[in-house]
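User: Hi! Could you walk me through this one with me? I'll just fire off questions as they come up.

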Amino acid sequence: MDDQLKDFIHYLLVEKGLAKNTIISYERDLKSYLKYLKSEEKITSLEKVQRMQIVQFLGFLKKQGKSSKTLARHIASLRAFHQFLLREKAVGHDPSVHIETPQMERSLPKVLNMQEVETLLDLPESKDHFGLRDKAMLELLYATGIRVSELIGLNTGDAHLTMGFVRCIGKGNKERIVPIGKTASEALERYLSEGRGKFVSKKHRDEALFLNHHGKRLSRQGFWKILKRLAQEAGIEKELTPHTLRHSFATHLLENGADLRAVQEMLGHADISTTQIYTHVTKTRLKDVYSQYHPRA
């Protein structure tokens, strides 16, 4: 069974071209599934798996307190795995066919208001190369709405400042071009001319746009630590994640009359229904404003 999982992961990487984090998620889910089959169901061949074993595995996860979102993700992983095995003729049936995905409550994304964004973006001091880098990263995130994984994946050749855009590689290895505004361009240009060179190491000649103090590509964890520190310094009490600026970018665009399709393209969403969540955010904010300021609300 472990060999079949390796074949599936190889398929996701080479043929499907999925993002590294997505593949890690699939592998983690499926390893827990195979471990359950071996230890709890005493199954050593995937040919012997029936629908009942999958239902019992999901019940096992539920007893552990896993959320509906986590259960839905596991089901998606199991379906993809069993469909792959059937296509490869490694098994004769797919036991995941009639497994229902649990209903999920779709929570609205957390966003910053304009004042909070201004406070956060103005915080990094440009007195040294660390401040120049942090300023450029935050400005670029809010200006483009790109994911943090896309931000740290940028190389120096991906920023076209004279043309006013960045080229990034998103989910499914898909390339997209996203425009950047004047403020972000200026912050990025200053970082490139005055800051990045001080990060470059003689040992490492990394083409990454944003580098850490070792001269290597900045990691997600590294960026998260920087954001957490700056949020504390800015006095922002809201729950802040690396995705918050992306959510704020989309919400503020729609609040100011941007076309939903254009926002979808800039965010790199395959399905417009994913982008539509932000229209609910703007409606909620309108309600809050109405309740606060209308005399007969």
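User: Let's jump right in: is lysine 89 buried, partly exposed or exposed?

Analyst: Lysine 89 counts as exposed, because its relative accessibility is 73% and the cut-off for exposed is over 50%. Bear in mind that this is a predicted model. Lysine 89 sits in the loop between helix H4 (68-87) and H5.

User: What about the phi of lysine 89?

Analyst: Phi of lysine 89 is positive, about 60°, although the residue is not a glycine. For background, most residues other than glycine have a negative phi. Lysine 42 also has a positive value, with phi near 55°.

User: Where is lysine 42 found?

Analyst: Lysine 42 is in the loop between H2 and H3. With a relative accessibility of 65%, lysine 42 counts as exposed.

User: Okay, stepping back. How many helices and strands does the protein have?

Analyst: There are 13 helices and three strands. The protein has 297 residues, and 43% of them count as buried. Its C-alpha trace spans about 65 × 65 × 35 Å along the principal axes.

User: And where is confidence lowest and where is it highest?

Analyst: The lowest confidence is in helix H13 (residues 277-293), with a mean pLDDT of 65. Helix H8 (residues 182-195) has the highest, at 92. Over the protein the average pLDDT is 84, and 92% of the residues score at least 70. A general caution: where pLDDT is low, the predicted coordinates should not be read in detail.

User: Good to know. Switching to aromatics: how many aromatic pairs does a search of the whole structure find?

Analyst: The search turns up ten aromatic pairs. One of them joins tyrosine 36 and phenylalanine 57, with 5.4 Å centre to centre and 50° between the planes, a tilted arrangement. This pair links distant parts of the chain: tyrosine 36 belongs to helix H2 (residues 20-39) and phenylalanine 57 to helix H3 (residues 51-63), 21 residues apart.

User: Why does the pair count as tilted?

Analyst: The planes of tyrosine 36 and phenylalanine 57 are 50° apart. Stacked needs an angle under 30 degrees and edge-to-face one over 60, so the rest count as tilted.

User: Are those two rings' residues buried or exposed?

Analyst: Tyrosine 36 is buried, with a relative accessible area of 7%. Phenylalanine 57 is buried too, at 0%.

User: Which residues form an aromatic cluster?

Analyst: Phe8, Tyr11, Tyr26, Phe81 and Phe84 form one.

User: Pockets next. What is the volume of the second largest pocket?

Analyst: The second largest pocket has about 300 Å³. It is lined by 16 residues, and those closest to its centre are Leu121, Glu139, Tyr142, Ala143 and Thr183.

User: Which helix gives the most to that lining?

Analyst: H5 gives the most, with five residues. Helix H5 (114-122), helix H6 (129-144), H8 and helix H10 (244-255) each supply at least two lining residues.

User: And how does the lining of the second largest pocket break down by class?

Analyst: Eight of the lining residues are nonpolar, four are polar and four are charged.

User: Now some arginines. What does the side chain of arginine 176 reach?

Analyst: The side chain of arginine 176 reaches the backbone oxygen of methionine 266, at 2.9 Å. Arginine 176 lies in strand E3 (residues 175-179). It is buried, because its relative accessible area is 10%, and the cut-off for buried is under 20%.

User: And is arginine 229 buried, partly exposed or exposed?

Analyst: Arginine 229 is partly exposed, at 35% relative accessible area. It is found in helix H9 (residues 220-234). Arginine 229 and glutamate 116 are 113 residues apart in sequence, with 15 Å between their C-alpha atoms.

User: Where does lysine 225 lie?

Analyst: Lysine 225 is in helix H9, and at 63% relative accessibility it counts as exposed. Lysine 225 and histidine 214 are eleven residues apart in sequence and 16 Å apart in space, C-alpha to C-alpha.

User: Last one: how far apart are arginine 51 and lysine 228?

Analyst: From C-alpha to C-alpha, arginine 51 and lysine 228 are 44 Å apart in space, and in sequence they are 177 residues apart. Arginine 51 lies in helix H3 and counts as partly exposed, at 42% relative accessibility.

Definitions and conventions
Residues are numbered from 1 along each chain as its sequence is written. This is a predicted model: local features need pLDDT of at least 70, side-chain atom pairs count only at pLDDT 80 or more; totals for chains, interfaces and linings use all residues. Side-chain values use heavy atoms; hydrogens and water are left out. Rings of Phe, Tyr and Trp (its six-membered ring) pair if their centres lie within 6.5 Å; planes under 30 degrees apart count as stacked, over 60 as edge-to-face and the rest as tilted. Helices (H or I, at least four residues) and strands (E, at least two) are DSSP runs, numbered from the N terminus. Buried means under 20% relative accessible area, exposed over 50%, partly exposed in between (1.4 Å probe, protein chains only). pLDDT is the predictor's confidence in each residue, from 0 to 100. On a 1 Å grid over the protein atoms alone, a cavity is a set of points where a 1.4 Å probe fits but cannot get out, and a pocket is an open set with protein on both sides within 12 Å along at least five of seven lines; lining residues have an atom within 4 Å of a point. Grid points are joined across faces, edges and corners, and a volume is the space filled by probe spheres set on the points. Ala, Val, Leu, Ile, Met, Phe, Trp, Tyr, Cys and Pro count as nonpolar, Asp, Glu, Lys and Arg as charged, and the others, Gly among them, as polar. A polar contact is a pair of N or O atoms within 3.5 Å; within protein, one must be able to donate a hydrogen and the other to accept it, and residues adjacent in sequence count only if both atoms are side-chain atoms.
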